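Visitor: I am new to this. Could you walk me through this model and tell me how each term is earned?

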Amino acid sequence: MQKKIKEDLALFNQLAKTFLEQEIQNPVAEYIDPEKVEEVIDIKLKEEGIADQELKKVLENILLKSPKSSSNLFFNQLFGGRNSKAVLGDLLTVLLNNSMATYKIAGPQVSVEKEILMQIYNLIGYNHNSAGTFPTGGSMCNFMSLVMARDRKKAEKTDNSLNKLIAYTSENGHYSVSKNASLSGLGKQNVRHIKSNKKGKIDVIEFERQIKFDLKKGLTPFYLNATAGTTVLCAFDNIEELAPICKKYNIWLHLDGAFGGTVIFSKKHKHLVRGINLTDSFCFNAHKTLGAPISTSILAVKKKDYLYNSFNTDANYLYQTHNEDFNLGRTSFECGRRNNALKLWSMWKSIGQNGIAQIIEQEFKLADFARKYIKNNSDYNIYSFEESLAVCFNYKNFDPEDLCLKLYKSNTLMVGFGCFQEKKFIRLVTVNAENSNDDIIRFFNLLENFCQKNKDYIKKI
Ligand SMILES: *Cc1c(COP(=O)(O)O)cnc(C)c1O
């Protein structure tokens, strides 16, 4: 058994070496039509197995033909780059293969998770009465917050008016809010998407107006999903203004920081979430701006009891030793749960909190640099605001959607488009702290040259 894993780890190292070399030489993988994948790669499974050397070839083919999400030309998603210490931690997680449900099966790894959570409570002004967990992603963090909010409201109400609950988010809130409303039984139709102002932040006056309107109709407002870094514009809702309204109407305030929540690590940018200590729950994704592998999501809940009340269930086949403080399954949705904390812990331990702050600050600097480039060039129109990691723009009169598609299919660049208040634009996200200003210039040069060469063939706005 030991011999086999050692051989396969040697194989891993060989594959990794080839992959990492190719990441530099060909930062954008060759586009393959989805219908043609099986012609290019031997994907089919058969009754008979294959020799290791053959398997190596197929795996190499899969590696080299997959989109290269860590390369310096990947701007397509809200994640990018990789923190190598986090990768190391995650590889060890696979090797260890514990599950985070109980102390008996996870041992010291429980402390790894608890230590990160404690640090987060300190950073956001929660306290020893707080609790948290590492759900499978930002969507799941949002789901758990909605469930806690619902259960809190349910416990308050003596009549049976659960079907009248109303949740709020911004028109720019994440799509998981609607999905979660379905999952929780609340129903999508009971989510109000509040209009935002010109900068993409929830219109606070409109929010209170909608609450009053709903109350008048006999409905029960119970939950606000505010955003720290909206998915398209990276706008930060104003927590200081929203919190008093939530308090007044007894609405659970959740801050979805999946994208921008990591500003809590930076003294320079933390002001974007001022008032975060007034929230009932908060989440962020270390797999987006921090370069940890997918997924590394953290949910913090100000008052421990809500997490326990909603997610603690007895299971005597599982919980046989130690108390609930060390049996993390008591406060998670999943039963078998991989350790998604060790990767963040490994990088945090290695570079310290200051190192994490530098990652975030570098990303804001890259965004500033890109905005400056755009503003100094009259061929561009800018749609993004200061202190945002999403640099939204259009180039000349090229249609952003068609341009992104053609950049992708020609293996030139991986970048996507977004929409805000009837405008469509290219969205350059600076979420890879390993990139330098030169990489940003290279991005613009590649885009400009491509447009020059293909100007007759790209659609116009
Ligand atoms: C990415 C994102 C999410 C979802 O996170 P996943 O980990 O992909 O489930 C939620 N909210 C916002 C604002 C996001 O940007």
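Visitor: How do you know how far apart domain 1 and domain 2 lie?

Guide: The C-alpha centres of the two domains are 37 Å apart. Domain 1 covers 2-68 and domain 2 covers 91-346; such bounds come from an automatic or database domain assignment. This is a predicted model, where local features need pLDDT of at least 70 and side-chain atom pairs count only at pLDDT 80 or more, while totals for chains, interfaces and linings use all residues. Residues are numbered from 1 along each chain as its sequence is written, and side-chain values use heavy atoms, leaving out hydrogens and water.

Visitor: What makes Lys288 a polar contact of the ligand?

Guide: A polar contact is a pair of N or O atoms within 3.5 Å. A polar side-chain atom of Lys288 lies 2.9 Å from a ligand oxygen, so the pair qualifies. Asn285 also passes, with a side-chain N or O atom 3.1 Å from a ligand oxygen, and so does Thr231, at 3.3 Å. Taken alone, the ligand exposes 380 Å², and the protein buries 84% of that (areas by the Shrake-Rupley method with a 1.4 Å probe).

Visitor: Why is the largest nonpolar core called a core?

Guide: The name is given because its members are buried Ala, Val, Leu, Ile, Met, Phe, Trp, Tyr and Cys residues joined through side-chain atoms within 4.5 Å, where buried means under 20% relative accessible area with a 1.4 Å probe, protein chains only. This core holds 117 residues, and Leu224 and Phe207 are among those touching the most other members.

Note on methods: Buried < 20%, exposed > 50% of the residue type's maximum accessible area, 1.4 Å probe, protein only. Polar contact = N/O pair within 3.5 Å; in protein donor to acceptor, adjacent residues only side chain to side chain.
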